[in-house]
Protein chains: 4
Amino acid sequence: MADRHDEVRIRVRYPEVDRMGVAHHASHFTWFEVGRTEFMRQRGVPYARVEEGGIFLPVIEATCSYVSPARYDDVIRVLTTVSEVRGARVTFSYQIESENKGGLLAKGNTTHAVVGRDGHPRRLPAFLRELAD
Amino acid sequence: MADRHDEVRIRVRYPEVDRMGVAHHASHFTWFEVGRTEFMRQRGVPYARVEEGGIFLPVIEATCSYVSPARYDDVIRVLTTVSEVRGARVTFSYQIESENKGGLLAKGNTTHAVVGRDGHPRRLPAFLRELAD
Amino acid sequence: MADRHDEVRIRVRYPEVDRMGVAHHASHFTWFEVGRTEFMRQRGVPYARVEEGGIFLPVIEATCSYVSPARYDDVIRVLTTVSEVRGARVTFSYQIESENKGGLLAKGNTTHAVVGRDGHPRRLPAFLRELAD
Amino acid sequence: MADRHDEVRIRVRYPEVDRMGVAHHASHFTWFEVGRTEFMRQRGVPYARVEEGGIFLPVIEATCSYVSPARYDDVIRVLTTVSEVRGARVTFSYQIESENKGGLLAKGNTTHAVVGRDGHPRRLPAFLRELAD
């Protein structure tokens, strides 16, 4: 099972921060997605090309635990892993860390179905199974 | 020339507000779009159905002047007009007003091309010309 | 424990929909927040006023299960409940339903800490405990 | 008058793209802001620190012309200039170019007031005047 990590650095944008002065909790799901995009690119299967090939990975479950706030202009690191591949589903796990101060900011998961252009379930392509190796 | 106004009420959402405590300037373009969507629905041409018919209205120019800030949980009103129809282009004009306190918060325009599913320009459909009447 | 529901109707906005033609999974957390805002207003404790009083409810855990897609211009209903109040934490639960077609689109939870202006934990105010009644 | 350019590379994110398959027109204003943030950092005046010093630059006018669409996973370059400094106002100009294919995708401006923590106008600080040199 997966213990391969990849990371991407992101700088927190002004509109991602709310009036409490910290990144809004929905922003983390966008950062997870940036992490997932880079993870797949580094594994040789850019998600844009996956979709062009008629395979889509809609999110069927998403969860995030918030440990410490991110602020405007902070640099964060998203570490992405494939934590489970089962049936026609794949689960990615994420950790968001602070680049400046170190320490965990948030962690979470997204579970994805595998569907074709028609929205119907598809068998998990080999390249997705291999992401977990 | 158009002087027909339609309006829609919107409550400012938490993530639309930035760390200055006021609505981020990009939010207004989303509110303009809500105004435009309701304007077209009230005119009998819901934009979702326009796109299903193979006509798309990508924005080619957008502008906004910000007069007074909107805050979380404020109720605003977007007033939408078609201000110009020329060639294969249509321009919508917007005013955003405060429901609670009255007064203008922002005004702006969006100009749209008319294209088909292939991205190529299309003649302006009659229903769009009539929006300006 | 809570079984009080409140609901708010939301029309899906154009930028909330992604290139799969369905609402992006991060949008649901913003809709949950709209539901929570209206729930608290209907209970007589508008969240804007809670923050003005120096009490903040940052999200410490968020989760969503996606059952069926929402599309541009669909009308959805968010039903909000307080499902748990414990220590200095409060958990809201949400269901998103389709107004047009009926049926569940998504469900989820957000758990919130109760902190003061200084970010330090605070005892749960009575009005929050009463939300669960 | 300004002719100093700085640039920042941005990869288009999945939720920034709408159901036409192209970046939503509001995304460009967020990218302009990323460009402005990096421009100021490279000039030695990180905007986060400017705000900590009690100076805020709310947008009072924003405009964008869209030339060619940006798509998911495209790499774009934002080139930022200070095009005008007058009274207590500063105008930034932006060009967005395609990294992959070259060519202009969009250009625009944002004009900012200079205000203090109280929201009242302030004299333009020297460091902002110098941005235009």
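These are my notebook entries on a predicted model, covering one chain, its symmetry, a helix and several salt bridges.

**Entry 1: chain A as a whole**

I started with the secondary structure of chain A, which has 3 helices and 5 strands. Along the sequence I read their order as β-α-α-β-β-β-β-α.

Next I looked up the overall dimensions. The C-alpha atoms of chain A fill a box of roughly 45 × 30 × 25 Å along the principal axes. The radius of gyration of chain A is 15 Å, which agrees with the value near 14 Å for a compact globule of 133 residues.

I then checked burial and contacts. In chain A, 62% of the 133 residues are buried. Of the contacts in chain A with a separation of 6 or more, 66% are between residues 24 or more positions apart. The exposed area of chain A is about 5,600 Å², and carbon and sulfur atoms supply 45% of that area.

**Entry 2: chain A against chain C**

I looked up how chain A maps onto chain C. A turn of 180 degrees with a shift of 0.0 Å along the axis lays chain A on chain C with an RMSD of 0.0 Å. That is the relation of a two-fold axis. The same surface serves both copies, since 100% of the contact residues of chain A recur in chain C.

Which residue of chain A comes closest to the rotation axis? I found Thr63(A), with its C-alpha at 2.1 Å.

**Entry 3: helix H1 of chain D**

I took helix H1 of chain D, residues 27-42, and compared its span with expectation. Its 16 residues reach 23 Å from first C-alpha to last, close to the 22 Å expected at 1.5 Å a residue. I noted that 14 of the 16 residues of H1(D) are buried, so the helix is largely enclosed by the rest of the structure. After H1(D) comes Gly44(D), with a positive phi near 90 degrees.

**Entry 4: salt bridges**

I counted charged pairs next. Over all chains, the structure holds 55 salt bridges. I looked at three pairs and one network.

The pair in chain A lies within a helix. Arg41(A) forms a salt bridge with Glu38(A), with the closest N and O atoms 2.9 Å apart. Both residues lie in helix H1 (residues 27-42) of chain A, 3 residues apart, about one turn of the helix. An α-helix has 3.6 residues a turn, so residues three or four places apart point the same way. Glu38(A) is buried at 13% relative accessible area, whereas Arg41(A) is partly exposed at 23%.

In chain B, the side chains of Asp74(B) and Lys101(B) meet in a salt bridge at 4.0 Å, N to O. Asp74(B) is in the loop between strands E2 and E3 and Lys101(B) in the loop between strands E4 and E5, so the pair ties together parts 27 residues apart in sequence. Is Asp74(B) buried or exposed? I found Asp74(B) buried, at 14%, while Lys101(B) is exposed, at 61%.

In chain D, Asp73(D) forms a salt bridge with Arg11(D), the closest N and O atoms being 3.5 Å apart. This pair links distant parts of the chain, 62 residues apart: Asp73(D) sits in the loop between strands E2 and E3, and Arg11(D) in strand E1 (residues 6-11). Asp73(D) counts as buried at 11% relative accessibility, and Arg11(D) as partly exposed at 31%.

Last, I noted a network of salt bridges in chain A that links Glu7(A), Arg9(A), Arg77(A), Glu97(A) and Glu99(A).

How values were computed: Residues numbered from 1 in each chain as written. Chains lettered and ligands numbered in written order. Predicted model: local features only at pLDDT ≥ 70, side-chain atom pairs only at ≥ 80, totals over all residues. Heavy atoms only, no water. Least-squares fit on C-alpha atoms with pLDDT ≥ 70 in both. Contact = heavy atoms within 4.5 Å. Helix = DSSP H or I, 4+ residues; strand = E, 2+ residues; numbered from the N terminus. Buried < 20%, exposed > 50% of the residue type's maximum accessible area, 1.4 Å probe, protein only. Expected span 1.5 Å × (residues − 1). Rg over C-alpha atoms; globule rule 2.2 N^0.38 Å. Areas by Shrake-Rupley, 256 points an atom, 1.4 Å probe, with all protein chains shown as cover.
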